[in-house]
Amino acid sequence: MVALLFTMSTLATVGFVVSYVAIPADASILVFPLGHIEALRFALGMTLGLALSCLGGAARSWARMQLSRVETTYQSRPADAGRGARPVTGRGPSASDMRL
């Protein structure tokens, strides 16, 4: 899916350049809900919008694939602890640590 979106973005970018070069500036087309509009502006807007949308979708999909969904925690001990230090568990002092 990511490769397809990146490919579509590339093709839309090529379409943007081709439409800029090939469509005359004074050409007009009929688009049903909008009426008569300039063909060059319509083509440039549609291809640029498609290119950026596909690029954003591909980047988002790729990033979601790279990130892990499972959070992991590691037990560690303080940097200044000696050799016999136990790992910090975050549960507070144990019963053996309490002195009466």
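**Phe6, the helices and the hairpin**

Visitor: What does Phe6 count as, going by its relative accessibility?
Guide: Phe6 counts as partly exposed, because its relative accessibility is 34%, between the 20% limit for buried and the 50% limit for exposed. This value, like the others here, is computed from a predicted model.

Visitor: Where does Phe6 lie?
Guide: Phe6 is a residue of helix H1, which spans residues 2-22.

Visitor: And which residues make the nonpolar surface patch?
Guide: Phe6 is one of them, together with Leu48, Leu52, Leu55, Trp62 and Met65. The patch covers about 610 Å².

Visitor: Which helix gives the most to that patch?
Guide: Helix H2, residues 39-66, gives the most, with five residues.

Visitor: Staying in H1, is Ser9 buried or exposed?
Guide: Ser9 is buried, because its relative accessibility is 7%, and the cut-off for buried is under 20%.

Visitor: What is Ser9 in contact with, leaving aside its neighbours within four places in sequence?
Guide: Ser9 is in contact with Ala51, Cys54 and Leu55. Among the buried residues of H2 are Ala51 and Cys54, whereas Leu55 belongs to the nonpolar surface patch.

Visitor: Which residues of H2 are buried, then?
Guide: The buried residues of H2 are Ala39, Leu40, Ala43, Leu44, Thr47, Ala51, Cys54 and Ala58.

Visitor: What do they pack against?
Guide: The buried residues of H2 pack against H1 and also against both strands, E1 and E2.

Visitor: How does the span of H2 compare with what is expected?
Guide: H2 reaches 40 Å from its first C-alpha to its last, close to the expected 40 Å, and it has 28 residues.

Visitor: Let us turn to the strands. How do E1 and E2 run?
Guide: Strand E1, residues 28-31, and strand E2, residues 35-38, run antiparallel, and four bridges join them. The connection between E1 and E2 is a hairpin of three residues.

Visitor: What is the bridge partner of Ile29?
Guide: Ile29 has Ile37 in E2 as its bridge partner.

Visitor: How many salt bridges does a search of the whole structure find?
Guide: The search finds one. Arg41 forms a salt bridge with Glu38, and their closest N and O atoms are 3.3 Å apart.

Visitor: Why might such side chains pair?
Guide: Side chains of opposite charge can pair when their charged atoms come close.

Visitor: Is Arg41 buried or exposed?
Guide: Arg41 is exposed, because its relative accessible area is 63%. Its partner Glu38 counts as partly exposed, because the value for Glu38 is 37%.

Visitor: Now the overall view. What pattern does the protein follow along the sequence?
Guide: The pattern is α-β-β-α, with two helices and two strands in the protein.

Visitor: What share of the residues is buried?
Guide: Buried residues make up 14% of the 100 residues. The accessible surface of the protein comes to about 8,500 Å², and carbon and sulfur atoms account for 64% of that area.

Visitor: And what share of the contacts with a separation of 6 or more joins residues 24 or more positions apart?
Guide: That share is 42%.

Conventions: Residues are numbered from 1 along each chain as its sequence is written. This is a predicted model: local features need pLDDT of at least 70, side-chain atom pairs count only at pLDDT 80 or more; totals for chains, interfaces and linings use all residues. Side-chain values use heavy atoms; hydrogens and water are left out. Two strands pair if DSSP finds at least two bridges between them. Buried means under 20% relative accessible area, exposed over 50%, partly exposed in between (1.4 Å probe, protein chains only). Contact means heavy atoms within 4.5 Å. Patches are made of residues with over 30% relative accessible area and no salt bridge: like charges are joined within 9 Å, nonpolar side chains (Val, Leu, Ile, Met, Phe, Trp, Tyr) within 5 Å. Accessible areas come from the Shrake-Rupley method with a 1.4 Å probe; for residues, only the protein chains shown count as cover. A salt bridge is a side-chain nitrogen of Lys or Arg within 4 Å of a carboxyl oxygen of Asp or Glu. The expected span of a helix is 1.5 Å times one less than its number of residues.
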